[in-house]
Amino acid sequence: MEGLEKELRALVQKACDLDDARMATVTDDDPLIGPESPLGLDSLDALEIVTAVQRQYGVRIDNQNTSIRVLQSLRILADFIRQEKAAQ
Amino acid sequence: MQIPFRHVQGAHCETATIAALLQHQGLQVNEPQVFGVGSGYFFAYLPFIKVTDKKFPLVTFRAQPGAILKNVGRRLGVKWHDVTFKDPAKAMDALDRSLDAGIPTAVQTGVYWLPYLPGAFRFHFNAHNVIVYGREGDEYLLSDPVLAEPVRCSRADLQRARYARGDMAPNGRLYYPAVVPRQTDLRGPVRAGLKDACFNMLKIPFPLIGVRGIRRLAKVVQGWPRRLGPEMAALNVGHLVLLLEEIGTGGAGFRFMYGAFLGEAAGILGIDGLSDASRRLTAVGDTWREFALLASRTCKGRKVVERPYDRLAELLRECADREQAIFRDVQALLRRGAA
């Protein structure tokens, strides 16, 4: 899954209805959710991302604790999806 | 001083904490088993109990805090040391004493006051369970099931979190298993847990509990825009999402966890049909999540379907119908399995 981080960037932008300028403020290692995130997304946005990931990649983020862990950054989310896909 | 303790990230703080404490004492039960044996699965819509500044009705997707601990103790033969303290100094002394005795100890805390949690997840919820397994100088070593790794917390911060005020105030509560059986046959406890879930979801003669409660909520949600006006209806829906997906594990998360328990119960009881129930309940969890997503979009004013409140009610009724069918099948399977 080459370029998964890039795909996820597009997924987050669409799921959370963000414009290009705002999306450009976040690197692959920045937090996605919370006051520490340049995107300023909240837990309801997290739900949008979690659902979009399940729809697009068939990977279920099944509880809030996993969300906290995997939504730390685009890179960590991509690693999680790669691991889950490999385990399927 | 550090007690050798294996930190495990869990799905829900209470069940993960109980499972970790019992595993530490040598009783091999996992988190879904604790949730199932502890009769954690539940639904109630209680409009006469208001939460969040007494504005919104209480909707709960799990048994009341403490019930799982009690049921697990009763069914697995575990005796819990479970105490609260009026005096914070005494509460901290009691924690120190149990750590000195080599006992990893669970404490109830207010999430908002735990400084190691990311800002996005620090909200006012006072029934968060963490395990303390050591102390170094002024710092405590904590296994918080929310996190992937253990953390440290200063004495002052931990004391503040143990004395958070408001709903479900912890009052310095600490607990640990004082007596744990070396082995236990899970068949009886698993069967008892399943029977409880069927009763709670299907049979409680009160229209706000179980699948009837979900249907009542559907009716109420559908009427919100007319009864409350668009602004207040959206706020109510937002509150529902927070209960669903933020406080604890939420509706979908508990369905996923119970789905895992049903899968384990199939193996423990040798009833294959429970595996099918497991898959179906996991799918219901996805519908609860779809409901939460639409509710979230409605609350935020994002683009949603035509007549979103009708659709929200439809999704709730779908969840109720499917949960009813699943628990009826589980009931029938248990009867057949007992014959």
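**Exercise 1. Salt bridges within a chain**

Task: Find how many salt bridges a search of the whole structure gives over all chains, then work out which parts of chain A are linked by the pair Asp28(A) and Arg9(A).

Solution: Start with the total: searching the whole structure turns up 27 salt bridges over all chains. Keep in mind that you're looking at a predicted model.

Next, zoom in on chain A. Asp28(A) and Arg9(A) meet through their side chains in a salt bridge, 3.0 Å from N to O. Now place the two partners. Arg9(A) sits in helix α1 (residues 4-15) of chain A, while Asp28(A) is in the loop between α2 (20-23) and α3 of that chain. They're 19 residues apart, and the pair links distant parts of the chain.

Last, check the surroundings. Asp28(A) has 21% relative accessibility and counts as partly exposed. Arg9(A), at 22%, is partly exposed too.

**Exercise 2. Salt bridges in chain B**

Task: Decide whether Asp196(B) and Arg75(B) are buried or partly exposed, and say which helices they belong to.

Solution: First, the bond itself: the side chains of Asp196(B) and Arg75(B) form a salt bridge at 2.8 Å, N to O. Asp196(B) lies in helix α6 (residues 187-203) of chain B and Arg75(B) in helix α3 (residues 67-76) of chain B, so this pair ties together parts 121 residues apart in sequence.

Then compare each value with the cut-off: buried means under 20% relative accessible area. Asp196(B) comes out at 24%, so it's partly exposed. Arg75(B) has 17%, so it counts as buried.

For another case, take Asp310(B) and Arg307(B), whose closest N and O atoms are 2.6 Å apart in a salt bridge. Here Asp310(B) is partly exposed at 24% relative accessibility, and Arg307(B) is exposed at 60%.

Finally, look for shared partners: Asp93(B), Asp96(B), Asp100(B), Arg135(B) and Arg155(B) are joined into one network by salt bridges that share partners.

**Exercise 3. Where chain A meets chain B**

Task: Describe the contact between chain A and chain B: how many residues does each chain give, and which element of chain A gives the most?

Solution: Count residues to begin with. Chain A puts 25 residues into the contact and chain B puts in 30. About 2,300 Å² is buried between the two chains, with carbon and sulfur atoms giving 55% of that area.

Now for the polar side of things. Between chain A and chain B there are four salt bridges, including one from Asp42(A) to Lys300(B), where the closest N and O atoms are 3.0 Å apart. There are also six residue pairs in polar contact, both residues at pLDDT 80 or more.

Which elements of chain A take part? Those giving two or more residues to the side that touches chain B are α3 (43-57) and α4 (64-70) of chain A. The top contributor is α3(A), with nine residues. Sorted by class, that side of chain A has nine nonpolar, eight polar and eight charged residues.

**Exercise 4. The disulfide hunt**

Task: Find how many disulfides there are over all chains, and explain why Cys16(A) has no bond to the closest cysteine sulfur.

Solution: The count is zero disulfides over all chains. For Cys16(A), the closest cysteine sulfur belongs to Cys299(B), 14 Å away, which is too far for a bond. Cys16(A) is buried, with 3% relative accessibility.

Repeat the check for Cys13(B): its sulfur is 15 Å from the closest cysteine sulfur, in Cys153(B), again too far for a bond. Cys13(B) is buried as well, at 6% relative accessible area.

Conventions. Residues numbered from 1 in each chain as written. Chains lettered and ligands numbered in written order. Predicted model: local features only at pLDDT ≥ 70, side-chain atom pairs only at ≥ 80, totals over all residues. Heavy atoms only, no water. Contact = heavy atoms within 4.5 Å. Buried area = accessible area lost by both parts, 1.4 Å probe. Polar contact = N/O pair within 3.5 Å; in protein donor to acceptor, adjacent residues only side chain to side chain. Helix = DSSP H or I, 4+ residues; strand = E, 2+ residues; numbered from the N terminus. Nonpolar A, V, L, I, M, F, W, Y, C, P; charged D, E, K, R; others polar. Buried < 20%, exposed > 50% of the residue type's maximum accessible area, 1.4 Å probe, protein only. Disulfide = S-S within 2.5 Å.
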